[in-house]
Amino acid sequence: MKACISLLLAGLVTHASGLQLNKCSSGTKCTNRDPDCFPTLSEIRLFGETLRGDVYTLMDEEYTNLTVMNNLVYRETPAFIVTPNVDDDVLKVIEFAKLKNMRVSVRGGGHAYDGQNAQEDSILLHMKNYNKIDVNKDDPLHPYVNLGTGLIFEEIYAEIY
C-alpha cells in the first residue's frame with residue numbers, strides 16, 4: 001500500500017505546536033488502532049489551546065455527558081470532542097481532521113435517535129454553544145425564526161410560544 005502524508009494546512013500547525021504530519025494507509029481513515037496517525041493526548045491538548053472553545057477527551061468527566069444518547073443501542077466513542085465557541089473553531093477542527101486523516105461528526109441538539117451524530121474515532125463537533133434564537137413576530141409580512149444548531153426542542157418551544 002502506498003503511504004500518504006497529509007498536507008500541512010497554513011496557519012494551523014506551527015513548529016512549536018508539536019503536531020506531526022500524518023502517515024496512514026492510502027484511502028483509509030485514521031483509527032485509535034493506528035498509532036502512526038492517531039493523535040496523541042498531548043497533540044489533542046496542544047490543538048485545544050488554539051481554540052476558543054473547549055476540548056474533551058475520554059479522561060474528562062464532561063466527555064461522558066456530551067456523548068450520552070437517548071438510544072443506548074448506539075454508543076460510539078469519538079476520539080475527542082470540541083465544543084466550538086466561534087466559527088473559526090469549526091474551521092480549525094476540519095483542518096486538523098484533514099491533517100490527521102480523521103472523520104468529523106457533528107452533534108447539534110442531540111435529536112438523532114439512531115446515533116448518526118457521533119462516529120467511532122472521529123472528532124465530535126458538539127454544537128451546544130450555538131444556542132441563539134432570533135424571533136421576529138412583530139412584522140406579520142416578514143416573520144422569521146433563526147435557530148442555532150445546538151438548540152434543543154425545549155429551548156425553542158420556550159422562546160416561540
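The secondary structure of the protein, taken from a predicted model, comprises 4 helices and 8 strands. Along the sequence these elements follow the order β-β-α-β-α-β-α-β-β-β-β-α. The pattern thus opens with two strands and closes with a helix. The protein has 161 residues, and 39% of them are buried. Contacts between residues at least 6 apart in sequence were also examined; 55% of these join residues at least 24 apart. The accessible surface amounts to about 9,900 Å². Carbon and sulfur atoms account for 54% of that surface.

Aromatic side chains were considered next. A pair of aromatic rings is described by the distance of the centres and the angle of the planes. The whole structure contains 4 aromatic pairs. One of them joins Phe47 and Phe80. The ring centres of Phe47 and Phe80 lie 6.4 Å apart, with 65 degrees between the planes, and the geometry is edge-to-face. Phe47 belongs to helix H1 (residues 41-48) and Phe80 to strand E4 (residues 80-83), so this pair ties together parts that are 33 residues apart in sequence. Both partners are buried: Phe47 has a relative accessible area of 1%, and Phe80 has one of 0%.

Phe47 also pairs with Phe96. Here the centres are 4.3 Å apart and the planes meet at 25 degrees, so the pair is stacked. The pair of Phe47 and Phe96 again links distant parts of the chain, with Phe47 in helix H1 and Phe96 in helix H3, 49 residues apart. Phe96 is buried as well, at a relative accessible area of 0%. Phe47, Phe80 and Phe96 together form one aromatic cluster. Phe47 takes part in both the edge-to-face pair with Phe80 and the stacked pair with Phe96. The cluster therefore draws on helix H1 and strand E4, and on helix H3.

Internal space was then searched. Rolling a probe the size of a water molecule over the atoms shows where empty space is left. In the whole structure, 1 cavity of 30 Å³ or more was found. The largest cavity holds about 40 Å³ of space. Its lining consists of Leu66, Thr67, Met69, Arg75, Glu76, Arg107, Asn117, Ala118 and Leu124. By class, 4 of the lining residues are nonpolar, 2 are polar and 3 are charged. Leu66, Met69, Ala118 and Leu124 are the nonpolar members. Thr67 and Asn117 are the polar ones. Arg75, Glu76 and Arg107 carry the charged label.

Backbone geometry completes the description. Most residues other than glycine have a negative phi, and most peptide bonds are trans. Asn101 has a positive phi, near 55 degrees, and is a residue other than glycine. Asn101 sits in the loop between helix H3 (87-100) and strand E5 (104-107). With a relative accessibility of 14%, Asn101 counts as buried, because the cut-off is 20%.

Asp121 also shows a positive phi, about 65 degrees, although Asp121 is not a glycine. Asp121 is located in the loop between E5 and strand E6 (123-126). Its relative accessibility is 3%, so Asp121 counts as buried too. Strand E5 thus borders both loops: the loop with Asn101 lies between helix H3 and E5, and the loop with Asp121 lies between E5 and E6.

How values were computed: Residues numbered from 1 in each chain as written. Predicted model: local features only at pLDDT ≥ 70, side-chain atom pairs only at ≥ 80, totals over all residues. Heavy atoms only, no water. Buried < 20%, exposed > 50% of the residue type's maximum accessible area, 1.4 Å probe, protein only. Contact = heavy atoms within 4.5 Å. Areas by Shrake-Rupley, 256 points an atom, 1.4 Å probe, with all protein chains shown as cover. 1 Å grid on protein atoms, 1.4 Å probe; cavity = no way out; pocket = protein on both sides within 12 Å on 5 of 7 lines; lining within 4 Å. Points joined across faces, edges and corners; volume = space filled by probe spheres on them. Phe/Tyr/Trp six-rings, centres within 6.5 Å; stacked < 30°, edge-to-face > 60°.
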